[in-house]
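Got your viewer ready? Load the model, switch to cartoon, and keep the selection box handy.

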Amino acid sequence: MFLYNLTLQRATGITHAIHGNFSGTKMQEIVVSRGKIIELLRPDANTGKVHTLLTMEVFGIIRSLMAFRLTGGTKDYIVVGSDSGRIVILEYHPSKNMFEKIHQETFGKSGCRRIVPGQFLAVDPKGRAVMIGAIEKQKLVYILNRDAAARLTISSPLEAHKANTLVYHVVGVDVGFENPMFACLEMDYEEADNDPTGEAAANTQQTLTFYELDLGLNHVVRKYSEALEEHGNFLITVPGGSDGPSGVLICSENYITYKNFGDQPDIRCPIPRRRNDLDDPERGMIFVCSATHKTKSMFFFLAQTEQGDIFKVTLETDEEMVTEIRMKYFDTIPVATAMCVLKTGFLFVSSEFGNHYLYQIAHLGDDDEEPEFSSAMPLEEGDTFFFQPRPLKNLVLVDEQENLSPIMSCQIADLANEDTPQLYVACGRGPKSTLRVLRHGLEVSEMAVSELPGNPNAVWTVRRHIEDEFDAYIIVSFVNATLVLSIGETVEEVTDSGFLGTTPTLSCSLLGEDALVQVYPDGIRHIRADKRVNEWKTPGKKTIVRCAVNQRQVVIALTGGELVYFEMDPSGQLNEYTERKEMSADVVCMSLANVPPGEQRSRFLAVGLVDNTVRIISLDPSNSEHGKIFFPPLRSNLSDTRTRYLGSRPVKLFRVRMQGQEAVLAMSSRSWLSYSYQSRFHLTPLSYETLEYASGFASEQCPEGIVAISTNTLRILALEKLGAVFNQVAFPLQYTPRKFVIHPETNNLILIESDHNAYTEATKAQRKQQMAEEMVEAAGEDERELAAEMAAAFLNENLPEAIFGAPKAGSGQWASLVRLVNPIQGSTLDLVQLEQNEAAFSVAVCRFASGGDDWYVLVGVARDMILNPRSVGGGFIYTYRLGGGGDKLEFMHKTPVEDVPLAIAPFQGRVLVGVGKLLRIYDLGKKKLLRKCENKHVPNLVTGIHTIGQRVIVTDVQESLFWVRYKRNENQLIIFADDTHPRWVTTACLLDYDTMASADKFGNISIVRLPPNTSDDVDEDPTGNKALWDRGLLNGASQKAEVIMNYHIGETVLSLQKTTLIPGGSESLVYTTLSGGIGILVPFTSHEDHDFFQHLEMHMRSEFPPLCGRDHLSFRSYYFPVKNVIDGDLCEQFNSMDPHKQKSVAEELDRTPPEVSKKLEDIRTRYAF
């Protein structure tokens, strides 16, 4: 079995984000990394929408990203630290829309290793040097410069190694044009290692170390080092030189501290806390990310705490010395992995979980009521300031990028009866969690919908002048009339446009520079800019049935298949050519291309006839004699046809513009948009009702829209999320969703949600009540009333947790619930809150042989679970009956068990439960579930159970798969086969009776299969001393499974499912990842296909190596050598190669580049989209 891997939706979670002018213009762009993908985004300063310009898979793990520009340059370069053991510098070329690798310097082994640099990057703010560091020991500094041709040069590396040292963070210190300096947060563990008592380890302090790159001597020295009081987690560079005081801010637990060389005293300020916080009061508070904004006259920092509150931090200086740190509460937004303040006044926030946001900074928060905290304010040691969180005041949300990460669970099914299955995805973390329904299609935003006086049959838009940016008129044609609407602030009817209103219209458009042409059944109307009108009438009884128009040419077809050709002369007059062309049959459709730049006319006309032929006719007068035009039918054939099923109605095609390029809108019972995006051709349906006719539309509010008609309405639509494969509907949840099952009869979902470090609603209310009482008690006699008012206000305030975060309850505290959801409306039908410190881990819906026709929901719950070191205070299995027609959960009983029930599966009218490492069969009883049978031979923890016939396949947390046979007569569960490799299985999926696909927590997918001669009729040997030679390989079971395929995805896969994604398509294995990616593995159906793609992959590896310097083959073989899988993501990069490289690769494969592209597209459309 050979498989082909395809990504349907790339990962959406962002790990790093940087900003700069990467295209070398004044435009500010953002570069983000999404694990193994690097992506360039451009926020549009006018509309505030974020557009993706380029996405590249790098086939390696991006561990750090930095932007830098050489002194005096206008363009930012990108430095990438990855797992390739190389430092890579990229430049973005806007003309080719490509990242080009300018430098790639190897310094170590590949892989994410402790002592190989790549984890930390720091850039000298003046762009003279870059430091790349490892977690331990090694740091290298590269000097950057330009050569005579102004190209970027890089020096050989200078070492700044120090053994036995752990690094926490590295930044470049802004020292103006002094020798470049880097600051590191380090810890020396040498003493702790050599001290067996453990005292040294307890006393080890973190140090702040400065490294100076001496440009004269060309080497790096440790300039200065000092021990820190608190444990710091990151550093912020303070602008220096002529812009500020230089130095660094150290963000540590509960404090932010300013440090610099020389006589500068340390300035430290506590991190303010929320007033009346429900968090555990002993818990420290840290900053998690920051952004710096610097103009010529001032600078400030935005720092975000782990609760999501942003503070604006400023420094007060007195003659180059910093005297105080000032902090002011700015706003609260979801916790971010990175924030970028753009020069255009936007704040880009890549959220840790949930959607990413672009905010406009409306106010700098200088003149509001908010109190300002300062390091100069007197406080007792250990005290801090308090502030009151509030809704957004300084920031305005302008755009939102959907992010599925983390996908905790996914099921694919057509629950809404739409022919195409939907993906039901449980994603997010904590109070920001959602249940999302994904459908294949582009999201459509309605800009306007207006009713028309009847059912129109066509619509067009025209401009007044070729130079105009926006359209002037919308023309709507009815059966016996034409309506002209003018586009301004509003859209209203006009009568003085020169168009004939008493007839239906076949076509209208701009002719030449500023004239309009209207083609109607009885003739052609040519309207000049000064409103002069020329008419051409049809001869005799004939009428015009079809027409084709571009900027300079008009071709019409009269009844009986006669073609008449007009062309515009330089004076702007339309001239008819004398000779007409008779076609052999009636004309059904015809089209002209746009006039190519710098030419007089388009040379070809395409005509479709009733006899199912398409004729291409030449309009080139160089073939003509005496001013007559020949129509020599071309002798060549049209080649490279591709077919897709669009729907149940005849297809209509319309030319529109999308992102400055031509695109085609195809309409059937669904509308589809065919466009090219990031050098790949997409054909995507619109998630919208049926449309009948459309035209491109451009106005100030909507520069690239579509105007369309549907029955008797005129709609103006915009497609903003090009390149998106799915559009999504999200329903909010309360805690992190863990798993869900579908009830087969009602299609409702039963979902379990549980959060560690969280309170249940009941505990929260109780804590609030307790705190309110304490507030009143703590007040003196005269302040009682005021305190009572404050307590009442505190009890009434309700900050939405999705934005302000949920209170952290401390380790070992759990909150959990079971929810019954209608997936179509997204409404919660029933909700059961579990008690504090009960965590739901597994769920199943099943029928019992002894329970009649009733459906039961079983939920596996752990009590008082502590994650590390793992301990549990026991577990329960809650049993609910599904009542009320499947929309009510009726509690039946709870069954105590010894350990965590991590897996439950129905089996032959009973249920299989994995309790810790025991596999058991339970049956339904009156007071609890009754234990019937157990197997104790799974080594660690049962994480999943799959059943087929008498076989049970069990996944273990670190020992891969076990095949178990249930013997009914002896009532025994016997392991008869297992796997030869340890795999830390996260999820698995049955492919057939002998074959299992499984994914592990390191990002691999593998398929194992039992050999044909495997017998599951084995006996358990109770004495354990069955003949030693019968034990088979490697201990364990006597029979072993064979590995069919191994493949490294590069992201942790949490769901696998075998399904068909398109109606009439073939089956594929769909996986979803923790980072929000969705992909499929599809089998090859023929040997020649497999052969072709194998060779293409081989050529791509050598001709187009990955961007960040990782070897593609070794990346895909990170943990196990890749076996029997071809990487479609690499093959599809064929389309983004240089044309001459494409040609040479295609020639090696005995094909042409379009044939290769077509093969790539065919395999995609056969299984998916």
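Here is a walk from the whole chain to a few strands and then to the core.

**Before you click.** This is a predicted model, where local features need pLDDT of at least 70, side-chain atom pairs count only at pLDDT 80 or more, and totals for chains, interfaces and linings use all residues. Residues are numbered from 1 along each chain as its sequence is written, and side-chain values use heavy atoms, with hydrogens and water left out.

**Whole chain.** Colour by secondary structure: the protein chain has ten helices and 85 strands (DSSP runs numbered from the N terminus, H or I of at least four residues for helices, E of at least two for strands). The radius of gyration, taken over C-alpha atoms, is 34 Å, close to the 32 Å that the globule rule gives for 1169 residues, so the chain is as compact as a globular protein of that length. That rule is 2.2 Å times the number of residues to the power 0.38. Along the principal axes, the C-alpha atoms fill a box of roughly 105 × 90 × 70 Å.

**Select 838-897.** Inside this stretch sits an open sheet of four strands, ordered S66-S67-S68-S69 with antiparallel pairing (strands pair if DSSP finds at least two bridges between them). S66 (838-846) and S69 (888-897) are the edge strands, each with a single partner, so one side of each has no neighbour in the sheet. Now pick 875-883: that is S68, which pairs with S69 over nine bridges. Show Leu882 and you'll find Leu889 of S69 opposite.

**Select 995-1009.** Here S79 (995-1000) and S80 are antiparallel and joined by five bridges. They form a hairpin with three residues between them, and Gly1003 in the turn has a positive phi of about 95°. Ser998 has Ser1006 as its bridge partner. Is S80 (1004-1009) enclosed or open? Five of its six residues are buried, so S80 is largely enclosed by the rest of the structure (buried means under 20% relative accessible area, 1.4 Å probe, protein chains only). Add 1042-1048 to bring in S81, paired antiparallel with S80 over six bridges; Arg1009 stands opposite Glu1042 there.

**Select the core.** Show Tyr4, Ile38, Ile78, Phe1093 and Leu1096, which touch the most other members of the 61-residue largest nonpolar core (buried Ala, Val, Leu, Ile, Met, Phe, Trp, Tyr and Cys joined through side-chain atoms within 4.5 Å). Zoom in on Phe1093: among its contacts are Tyr4, Phe1084 and Ile1163 (heavy atoms within 4.5 Å). Last stop: a second, separate core of 48 residues, including Leu442 and Tyr693.

Note on methods. Buried < 20%, exposed > 50% of the residue type's maximum accessible area, 1.4 Å probe, protein only. Lists of a residue's contacts leave out its neighbours within four places in sequence.
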